[in-house]
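Subject: Structure for you to look at

Hello,

Please find the structure below. My notes on it come after.

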Amino acid sequence: MAAKFKPGDRVRIRVGSPPGHFRTPAYVQGKVGSVERIQGEFLNPESLAHGGDGLPRRFLYLVSLGQADLWAKYPASLQDKLFIDIYEHWLEPA
Amino acid sequence: MDEHDHPHDAHAPIQERDQLTEYEKLTWAIQALLVEKGIITADEVRRQIEDVDSRTPAQGAKVVAKAWVDPAYKTRLLADPKAAAAELGIDASSVNILVALENTDTVHNVVVCTLCSCYPRPLLGLPPDWYKSLNYRSRVVVDPRGVLREFGLELEPGIEVRVYDSTADMRYLVIPQRPLGTEHMSEEELAELVTRDSMIGVAKARAPEPRPLAQAAVPH
């Protein structure tokens with residue numbers, strides 16, 4: 001399968017708390033960032049954590065978010081960023 | 001409390017705690033079952049612990065020092081850190097994907113795992129307790145400059161701070177900047193300046209000791 005997003009794409013990180021294990025921290029949910037890099041395809045940790053086979057593999061993306069977009073009190077004059085790895089099923093076009 | 005205002009007994013007997021925690025009990029029970037069923041041997045467990053304990057930040061330091069003195073190696077390290085580590089005899093195969101992040105005059109990288117304690121163990125050994133603390137994990141993403149200041153690192157506003165939250169299969173290693181005044185130093189000497197904290201990104205590499213002045217140059 002081909003990756004749904006490419007570097008430079010604007011993406012919104014989905015909001016959700018599915019039962020069991022997931023690796024998308026609450027503080028980035030609902031936030032918009034940019035795809036920096038496609039990290040590759042990996043076994044899905046949400047399945048692996050509960051004895052599953054992790055299939056189908058999921059594309060993993062390095063997503064960057066402006067710190068000032070992430071936190072209301074962050075000084076907007078700074079160029080600081082957060083980089084975080086997010087699996088494809090947690091992303092939607094923004 | 002001053003540590004010298006109470007009597008010490010240097011020969012106090014070393015006592016085992018008599019209570020195991022729930023997780024320790026669980027670990028021992030699972031290990032005993034796996035050994036009993038012949039899935040793993042006690043010697044394999046021992047060897048694994050020995051391997052984990054043998055990993056120290058000296059491994060990462062060797063990689064960084066080589067990258068400082070050898071631009072071609074640095075290029076290979078940034079392109080494929082696991083292969084570059086293997087060139088120096090460091091086995092990082094237990095890591096899914098290793099990523100090297102280069103600090104520059106304009107970008108400062110710092111690594112955290114907000115969800116647990118993901119860490120490039122083959123190169124840095126076991127993470128320090130503060131790296132696993134809720135305090136560091138929750139605060140470094142919200143206020144990285146404030147947390148770095150607590151570590152003694154003040155960054156100019158013009159420097160872009162990049163926090164890497166390692167939530168998945170990647171493990172991040174920071175390549176700190178080579179300190180000024182180290183042109184005369186050998187790769188081995190340089191490796192001494194590359195600390196664990198500088199490879200997490202909460203500090204710069206250690207500054208070199210001032211060079212002793214030649215006797216003749218000292219005015220009497």
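What follows is a short account of the contact between the chains, the sheet, and a few parts of chain B.

This is a predicted model, in which local features need pLDDT of at least 70 and side-chain atom pairs count only at pLDDT 80 or more, while totals for chains, interfaces and linings use all residues. Residues are numbered from 1 along each chain as its sequence is written, and chains are lettered from A and ligands numbered from 1 in the order in which they are written.

The contact between the chains

Chain A and chain B each put 18 residues into the contact; two residues are in contact if their C-beta atoms, placed from the backbone, lie within 7 Å. On the side of chain B that touches chain A, α8 (134-142) and β3 (160-165) each supply at least two residues. Helices (H or I, at least four residues) and strands (E, at least two) are DSSP runs, numbered from the N terminus. The largest share of that side, six residues, comes from β3(B). By type, the side of chain B that touches chain A has eleven nonpolar, three polar and four charged residues. Here Ala, Val, Leu, Ile, Met, Phe, Trp, Tyr, Cys and Pro count as nonpolar, Asp, Glu, Lys and Arg as charged, and the others, Gly among them, as polar.

The sheet

An open sheet of seven strands, with mixed pairing, has the order β5(A)-β1(A)-β2(A)-β3(A)-β4(A)-β3(B)-β2(B). At its edges stand β5 (91-93) of chain A and β2 (107-112) of chain B, each with a single partner strand, so one side of each has no neighbour in the sheet. From one strand to the next the twist averages 35°; axes are lines fitted to C-alpha atoms, for helices over the stretch in contact, and angles run from 0 to 180 degrees between N-to-C directions.

Two strands pair if DSSP finds at least two bridges between them. Strand β4 (residues 81-87) of chain A pairs with β3(B) in the parallel sense over four bridges, and Leu82(A) stands opposite Val163(B) there. Strand β1 (residues 10-13) of chain A runs antiparallel to β5(A), joined by three bridges, with Val11(A) opposite Pro93(A). β1(A) also pairs with strand β2 (residues 32-42) of chain A, antiparallel over three bridges, and Arg12(A) has Val32(A) as its bridge partner. Val11(A) and Ile13(A) form the covered face of β1(A), and Arg10(A) and Arg12(A) the uncovered one.

Chain B

The secondary structure of chain B comes to eleven helices and four strands. Buried residues make up 32% of its 220 residues; a residue is buried if 20 or more other C-beta atoms lie within 10 Å of its own, exposed if 12 or fewer, and partly exposed in between, with C-beta atoms placed from the backbone.

Helix α2 (residues 42-54) of chain B has 13 residues and spans 18 Å from its first C-alpha to its last, close to the 18 Å expected at 1.5 Å a residue (1.5 Å times one less than its number of residues). None of the 13 residues of α2(B) is buried, so this helix lies largely in the open.

Arg137(B) is in helix α8 of chain B. Arg137(B) is partly exposed, with 19 other C-beta atoms within 10 Å. Leaving out residues up to four places away in sequence, Arg137(B) touches Val112(B), Cys113(B) and Thr114(B).

Regards
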